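Here are some exercises on reading helix packing, burial and backbone angles from a set of coordinates. Have your viewer ready and try each task before you read its solution.

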Amino acid sequence: MPEERESEPRAKKITSLLSISHDKDVDGLNSAAIVWRYAKTKNLTFKAILTDYGSFEQVFSTIAKQRDSLIIITDLGMDDTIIDVVQAGLTRAISQGCRIVWLDHHQWSDRAIKMILSLGNKPVLKVNHEFCAAEITHKVLMPRDEVSTELAKIAHDTDFNLREIEAATALTDAVSVIRFGAIDKNEEVADAIHPILTKLAENGMSGVWDNDARKFKDTLLNKRVDHYRKEKSKKMRKALAGHHDQIIHGKLVRIVEIPSGLTSTDMGTLASNQDTLTSIDPELKVADLLLSLSQGGMLGFRRGRDGVLCNAAAKLFNGGGHPYAAGGEYGLYEDFEAVSDDIFLTLSKNKTWVSEH
Ligand SMILES: [Mn+2]
């Protein structure tokens, strides 16, 4: 960590840490937990703001009020539409003795990168698409901390949609349950997530998850997650039953509509589980490429196996992302069948999304 090597009076003055992370998923949450552990080792007072892209204006005006703080932003990308808001907030904070560390894995424009690097007080910016944000945070801030290693591993499993760690899938569902619950009750998502963040920062996964009993230590949370999974699976079964399949360039492409209350990650996770599919229809196989269409016309891309590039497929629909997961946009629609045919046609005209190996 570069600031460890610094001995100027400026760095010495920093006594607090403000963490800004993504409230949407486990990657953002675990990144914040690792940052918190870092704050503990440095004896910095800690405050976390969990947020989403729609709230940047509010968040960066809070940042503008900080003094002598280390501000660490994780799992949030920046594009040109918000560059001015971000620049104004950070420039102000830096003039008041703050330092900026930004760790992310999303797509950044060259302009956005240059803007951050041109800031004062030696900003640190690490953007790497090959890792999730918690892994980058772990590597940069807490490489030798075992709890942080585990938190990064859990985040990787869910962010890369691997589903190899039961606790990671459970935590993903818990975050959804807590988020949707807060939104329903008109409460702040960040406040609702805070207790779980505290436990993750203190004891890592073992603070929330009982590995032997394979459930959450918090009985109520465990019940809510169980219920959420049952509801989700009912809705998903219905949605999957209405799927449209087509073989394109030798790949099984499937399009499903996402019901409300489900995310494309939920859909991706459930639809890539062969047991779930078999229980719906014994003939149903995991698709090579799964597209989930939301009511608002947004498209989520997930792959069922290697050989498909989700980011290249999403690019055909004004989007982007990673080879294993990406997002794009179709636009408002009425007739799901017509949309499916249209999407199949676009994918069949272009082969960039099929990888050679
Ligand atoms: Mn992330």
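The exercises below work through this predicted model, each with a solution in steps.

**Exercise 1. Packing of α3 and α4**

Task: Work out how the axes of helix α3 and helix α4 are arranged and which residues meet.

Solution:
- Two packed helices are described by the distance between their axes and by the angle between those axes.
- For α3 (residues 56-63) and α4 (residues 83-95), the axes come within 8 Å and cross at roughly 15 degrees.
- Angles under 35 degrees count as roughly parallel, and α3 and α4 are therefore roughly parallel to each other.
- As for handedness, the crossing of α3 past α4 is left-handed.
- On the α3 side, the residues in contact are F56, E57, F60, S61 and I63, and their partners in α4 are V85, V86, A88, G89, L90 and A93.
- Sorted by class, this contact of α3 with α4 has eight nonpolar, two polar and one charged residues.

**Exercise 2. The surroundings of α7**

Task: Find out how many of the residues of helix α7 are buried, and what covers them.

Solution:
- Start with the geometry: α7 (residues 146-159) has 14 residues and spans 20 Å from its first C-alpha to its last, close to the 20 Å expected at 1.5 Å a residue.
- A residue is buried if 20 or more other C-beta atoms lie within 10 Å of its own.
- The residues of α7 that are buried are V147, S148, L151, A152, I154, A155, H156, D157, T158 and D159.
- Ten of the 14 residues are buried, so α7 is largely enclosed by the rest of the structure.
- The cover over these buried residues includes α2 (26-41), α6 (133-141), α8 (166-184) and α9 (189-203).

**Exercise 3. How α7 meets α8**

Task: Describe the crossing of α7 and α8.

Solution:
- The axes of α7 and α8 come within 9 Å and cross at roughly 75 degrees.
- Because angles of 65 to 115 degrees count as roughly perpendicular, α7 is roughly perpendicular to α8.
- I154, D157 and T158 of α7 make the contact with A167, A168, T169, L171 and T172 of α8.
- By class, four nonpolar, three polar and one charged residues make up the contact of α7 with α8.

**Exercise 4. A33 in its helix**

Task: Is A33 buried or exposed, and which residues does A33 touch?

Solution:
- A33 belongs to helix α2.
- Inside 10 Å, A33 has 33 C-beta neighbours, so A33 counts as buried.
- Leaving out residues up to four places away in sequence, A33 touches L151, L197, L200 and A201.
- For a distance check, the C-alpha atoms of A33 and S294 are separated by 31 Å, and these residues are 261 apart along the chain.

**Exercise 5. Positive phi angles**

Task: Locate D75 and N186, and decide for each whether the residue is buried or exposed.

Solution:
- Most residues other than glycine have a negative phi.
- D75 is not a glycine, yet its phi is positive, about 55 degrees.
- In the chain, D75 sits in the loop between β3 (69-74) and α4.
- Around D75 there are 29 other C-beta atoms within 10 Å, so D75 is buried.
- N186, also not a glycine, has a positive phi of about 60 degrees, and lies in the loop between α8 and α9.
- With 6 other C-beta atoms within 10 Å, N186 is exposed.
- To finish, look just after α7: N161 follows this helix and has a positive phi, near 55 degrees.

Terms used
Residues numbered from 1 in each chain as written. Predicted model: local features only at pLDDT ≥ 70, side-chain atom pairs only at ≥ 80, totals over all residues. Axes fitted to C-alpha atoms, helices over the stretch in contact; angles between N-to-C directions. Helix = DSSP H or I, 4+ residues; strand = E, 2+ residues; numbered from the N terminus. Parallel < 35°, antiparallel > 145°, perpendicular 65-115°, else oblique. Left-handed = near helix turned anticlockwise from the far one by under 90°. Contact = placed C-beta atoms within 7 Å. Nonpolar A, V, L, I, M, F, W, Y, C, P; charged D, E, K, R; others polar. Expected span 1.5 Å × (residues − 1). Buried ≥ 20, exposed ≤ 12 C-beta atoms within 10 Å, placed from the backbone.
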